[in-house]
Amino acid sequence: MQLGFLVDLHLCMGCKGCEIACKVENEVPLSTWRLRVKYVDVGTFPETKRTFTPLRCNHCENAPCERICPVSALHYLDNGIVNIDKERCIGCAGCVMACPYGAIYIDPQTQTADKCTYCAHRVASSMMPACVVACPVQANIFGDLDDPTSNISKYIQVNQSDVQVRKPEKGTNPHHYYVGGGNVSLNPLASQRIDGYSLFGKITTLPVGGHH
Amino acid sequence: MAAHEILAATNAVVTLDVAIPGIVWPWLVTVNMWAKSIGTGIIFMLFMLQRTHPDSVKNMRLTTAIVAFVFINIFLLFTLADLHQPFRMWHIFVYPHWTSAIAVGSFMASAFLGLLAFLILLAWQKKDDTFDKVLLWTTLLAIPVTLYTAALMAQCTARELWQMPTESAQMMLAALLAGSAFMILVGGNKLSYEAKKSLGVVLGLSALMAFIIYMSEYVFGPMKAEEVAAVMEYIKGDGEYRIMFWLGQWIAYLLPMLFILLSRSSKSESILKLAAVLALVGLAIVKHVWLIIPQLLPMS
């Protein structure tokens with residue numbers, strides 16, 4: 001079994017229900033996110049549109065975070081999930097530096113690395129991840145990539161020409177796919193980040209959770 | 001930021017995302033790399049001088065071993081200080097993950113420190129023959145100890161700027177530069193002028209090679225990768241890192257090269273020492289800029 005995620009960006013309406021569900025389910029501290037929805041505004045008024053892109057750990061088959069972790073705190077589960085053992089983590093932040101998707105953060109409460117685990121604890125009880133359950137339009141599709149009859153496998157088959165991953169050039173082989181994505185939504189270098197253009201305050205920097 | 005890739009027709013602006021997570025590896029890591037360069041580099045220099053100027057360095061064994069021991073301890077101290085959970089450092093030795101450069105490096109650095117302590121003991125007891133035999137193995141181990149930080153940076157898939165062949169060359173050159181500079185400074189009257197001249201050659205050539213590599217990256221790096229181009233904007237555009245980058249290049253490489261040439265023509269040890277001091281100060285600036293700029297780029 002190799003679990004994977006697919007987000008149909010045609011369906012996502014940016015409600016952030018997945019974000020909130022993730023926060024509640026995993027007790028993610030303030031100022032940190034395991035999953036967030038990025039908004040990018042495209043075009044010039046009046047020809048404008050807004051894109052919504054849920055971003056989370058990509059659970060790469062060739063995960064740089066797992067490779068760089070000196071104590072195997074980041075490790076693969078048999079079902080393909082890249083999991084984290086916070087009790088073992090020494091907080092070197094190597095994984096934060098290695099992840100090309102910016103999906104790992106230092107938890108300010110535990111001073112250890114943390115990230116999306118595809119709700120491994122729920123999956124172990126045969127439940128869907130919290131974000132999948134919360135999505136009102138079923139834009140999040142989760143399942144076994146090894147099973148050709150699973151929803152995610154069928155979705156990938158049907159939308160073959162439109163299935164993308166983030167930063168494929170990094171060679172990480174993400175188990176997280178997007179349908180309906182474009183350069184603007186998936187490539188961070190394709191959009192500007194201008195102070196004052198953020199919906200809820202300035203897009204600026206946060207001090208890393210910790211002692212620095 | 002990264003505006004070079006944005007087409008006017010697209011005019012895409014991020015209007016909601018999480019904040020960029022600040023600097024993850026801060027100045028503590030700069031000090032870590034700088035101290036390690038001195039700690040391993042001075043061992044390289046002792047090894048070299050033993051073969052080229054054996055009479056000159058016979059009184060340098062204890063001093064060199066102590067300097068290396070102190071700086072490797074500084075390196076380890078700052079490595080520890082940079083951990084968010086420093087009291088779990090022992091996990092590396094109990095649960096090592098051998099694909100990680102951090103784990104491999106920790107074992108090598110610990111072994112290196114042990115050998116340095118042994119060298120101090122041997123030098124103290126004036127067992128010169130044994131010292132020289134152990135120094136050979138210490139020098140060999142100093143090579144991977146120098147290089148493992150480059151491997152660690154190369155394992156950071158997110159930071160395209162840090163490529164392994166380049167970083168390994170830069171780490172080795174930094175060690176040669178810092179080692180020769182520090183040996184010039186601590187050599188005092190114990191080292192002959194000829195030995196110091198040799199150290200000056202190592203310092204000058206290391207500076208030249210490192211400068212060439214940085215300039216090559218500066219000019220050609222952006223032609224190969226979009227991400228490198230975006231990172232380079234932090235030193236090509238306006239801002240503090242542009243100033244720091246060029247300040248570092250001048251202080252670490254260009255001025256020391258110039259002063260070494262002057263010291264050779266005027267046979268002035270003072271100018272040579274000035275070159276050494278500048279190289280050590282500049283190296284810290286250069287390393288810091290190169291450490292920080294890839295961390296300024298948004299990953300999402």
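How many bridges join β2(A) to strand β1 of chain B, and do the two strands run parallel or antiparallel? In this predicted model, 3 bridges link β2(A) with β1(B), which covers residues 13–16, and the strands run antiparallel. Within this pairing, Val40(A) stands opposite Val14(B).

The strand pairing belongs to a contact between the chains to which chain A gives 67 residues and chain B gives 53 residues. The area buried between chain A and chain B is about 5300 Å². Carbon and sulfur atoms account for 59% of that area. On the side of chain A, Met97(A), Leu189(A) and Arg193(A) lose the most area to chain B, and together they make up 16% of what that side buries.

Polar and charged groups also take part. Across the interface, 35 residue pairs are in polar contact, both residues of each pair being at pLDDT 80 or more. Several elements of chain A each supply at least two residues of the side that touches chain B, namely β2 (36–44), β3 (47–55), α2 (64–68) and α3 (94–98). The largest share, 9 residues, comes from β2(A). Sorted by class, this side of chain A has 33 nonpolar, 20 polar and 14 charged residues.

The interface of chain A and chain B also holds 4 salt bridges. One salt bridge is formed by Lys170(A) with Glu227(B), whose closest N and O atoms are 3.1 Å apart. This pair counts as a salt bridge because that distance falls within 4 Å, the cut-off between a side-chain nitrogen of Lys or Arg and a carboxyl oxygen of Asp or Glu.

How values were computed:
Residues are numbered from 1 along each chain as its sequence is written. Chains are lettered from A and ligands numbered from 1 in the order in which they are written. This is a predicted model: local features need pLDDT of at least 70, side-chain atom pairs count only at pLDDT 80 or more; totals for chains, interfaces and linings use all residues. Side-chain values use heavy atoms; hydrogens and water are left out. Contact means heavy atoms within 4.5 Å. Buried area is the accessible area (1.4 Å probe) that two parts lose on being put together, summed over both. A polar contact is a pair of N or O atoms within 3.5 Å; within protein, one must be able to donate a hydrogen and the other to accept it, and residues adjacent in sequence count only if both atoms are side-chain atoms. Helices (H or I, at least four residues) and strands (E, at least two) are DSSP runs, numbered from the N terminus. Ala, Val, Leu, Ile, Met, Phe, Trp, Tyr, Cys and Pro count as nonpolar, Asp, Glu, Lys and Arg as charged, and the others, Gly among them, as polar. Two strands pair if DSSP finds at least two bridges between them.
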